[in-house]
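Me: I would like a close look at a single part here, namely the way the strands are paired, followed by how that part sits in the rest of the chain. Please go slowly, and keep the residues tied to the elements that hold them.

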Amino acid sequence: ELHAHSKYGVGTEKVSRVIRRAEKLGLDFLAILDRNTLEAPLDPEFRSDTVVLIPAMEWGSDDKGVALVYSPRSLPMLPETSAEMGAMIRTIRRQGGLVYAAHPCYPIGSWNWNVDDLNGIQAWCMGWRSVPGITVNAVNEYNRILVDDRFVHPLAKAANLPGLSSNGQSTMYWDYELNRGLRLGVIGGSQTGSRKVRMAEPVTYVYAMEKSLQGILDGIRLGRTYISRGLDGPQIDWVGDISDDDTIDVSIGGVVPLDVETKFYCRIRGAKGKKLEIMLNGSPDASK
């Protein structure tokens, strides 16, 4: 679970109760993110023998958008301009932290920062269809940019898909940014602040070398993640055989060389009756 709240933010529970819920579910890691404060990770009850706890915070405001910051070294100041935001993100990352755009297509708190320095995007927050998407008129002045009647900013392009939920738009926004050349990871989170909102729905899976704070952060940083609707949702393995020599060389988040034939294998569990759709450069390439 990479997006929970406690009493120090919009949540209603003490830090220990949030952690206890994660322990009861058998989660491997938990991040409690309250708005513009590090009170949760500084709380004496911020400890667990079974769940790796990630120090984290929400950072920003509803008028310009909120970032999810993992493992910051200090409390970052609130930026006023995109240039300041970019500079702060670069500082956080140089210190070993991670910064993700939170629910970028939520009607309240849509992502309106012009920065290319993020680690990634939270493409799935709360229930898939629980929050409606944004419209072009709701996007701020910066993102209402047209060139020859075409939307050129990825968020504006996502907002021009009114039939999708906010999560559907956020997923397209992530894909647009990838096709713009940015290397952005993807995460999800339930934004649970009480027992009324189920934890780990959606859930983020991380391919990590070890179950430790550093191991999990490294896996997230390298983009070795995928999202499922919950602990009972589909699970996926995606690997590549470079040079097609019957040796698995890379998995999710890996890098393959140009002009070398690579065979990919995908294994899905827990998705009987569902469809696998493979996207290539923003367009569907294969369905099965």
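Reply: In this predicted model, a good place to start is the hairpin of β14 and β15, in which two residues lie between the strands and N281 adopts a positive phi near 50 degrees. Strand β14 covers residues 277-280 and strand β15 covers residues 283-287, and the two run antiparallel, joined by four bridges. Two of the facing positions can be named: I278 stands opposite A286 in β15, and E277 stands opposite S287 in β15.

A separate group of strands can be read in a similar way. Three strands form an open sheet in the order β12-β11-β13, with antiparallel pairing. The edges of this sheet are β12 (250-251) and β13 (262-269), each of which pairs on one side only. Between strand β11, residues 235-242, and β12 the antiparallel pairing extends over two bridges, and the residue of β12 that serves as bridge partner to V239 is S251.

The part that repays the closest inspection is the run of pairings through β3. Strand β2, residues 52-61, is the strand that holds M57, and β2 forms a hairpin with β3 that has three residues between the two strands. Their pairing is antiparallel and extends over six bridges; within it, W59 has A67 of β3 as its bridge partner. β3 also pairs with strand β4 (residues 98-101), again in the antiparallel sense, through four bridges, and there L68 stands opposite Y100 in β4.

How is β3 itself placed with respect to the rest of the structure? Strand β3 spans residues 65-70, and six of its six residues are buried, so the strand is largely enclosed by the rest of the structure. In a regular strand, side chains alternate between the two faces of the sheet. In β3, the side pointing one way is made up of G65, A67 and V69, while V66, L68 and Y70 point the other way, and all of these residues are buried.

Returning to β2, the surroundings of M57 can be followed in more detail. M57 has a relative accessible area of 0%, and because buried means under 20%, it counts as buried. Setting aside residues up to four places away in sequence, M57 touches A67, L68 and V69, and its other contacts are L33, D34, N36, T37, L38, L75 and P76. A67, L68 and V69 belong to the buried residues of β3, which ties this list back to the strand that pairs with β2. For a sense of distance across the chain, M57 and A208 are separated by 151 residues in sequence and by 22 Å in space, C-alpha to C-alpha.

A contrasting position is D28, found in the loop between α1 (15-25) and β1 (29-32). D28 is partly exposed, its relative accessible area being 42%. Although D28 and T50 are 22 residues apart in sequence, their C-alpha atoms are 7.2 Å apart in space, and T50 is one of the residues that D28 touches, together with V51, V52, K211 and I216, when residues up to four places away in sequence are not counted. Of these, I216 is among the buried residues of helix α6 (residues 213-221), the others being G215, L217, G219 and I220. Just after α6, G223 takes a positive phi of about 75 degrees.

These parts belong to a protein chain that has six helices and 15 strands. The radius of gyration of the chain is 19 Å, close to the 19 Å that the globule rule gives for 288 residues, so the chain is as compact as a globular protein of that length. Taken along the principal axes, the C-alpha atoms fill a box of roughly 55 × 50 × 40 Å. Of the 288 residues, 47% count as buried, and among the contacts with a separation of 6 or more, 60% come from residues 24 or more positions apart. The chain exposes about 14,800 Å², of which carbon and sulfur atoms supply 51%. Its charged side chains comprise 33 positive and 35 negative ones, and the centres of the two sets lie 6 Å apart.

Methods
Residues numbered from 1 in each chain as written. Predicted model: local features only at pLDDT ≥ 70, side-chain atom pairs only at ≥ 80, totals over all residues. Heavy atoms only, no water. Rg over C-alpha atoms; globule rule 2.2 N^0.38 Å. Buried < 20%, exposed > 50% of the residue type's maximum accessible area, 1.4 Å probe, protein only. Contact = heavy atoms within 4.5 Å. Areas by Shrake-Rupley, 256 points an atom, 1.4 Å probe, with all protein chains shown as cover. Lys, Arg positive; Asp, Glu negative; His and termini not counted. Charge placed at Lys NZ, Arg CZ, Asp CG, Glu CD. Pairing = 2+ DSSP bridges.
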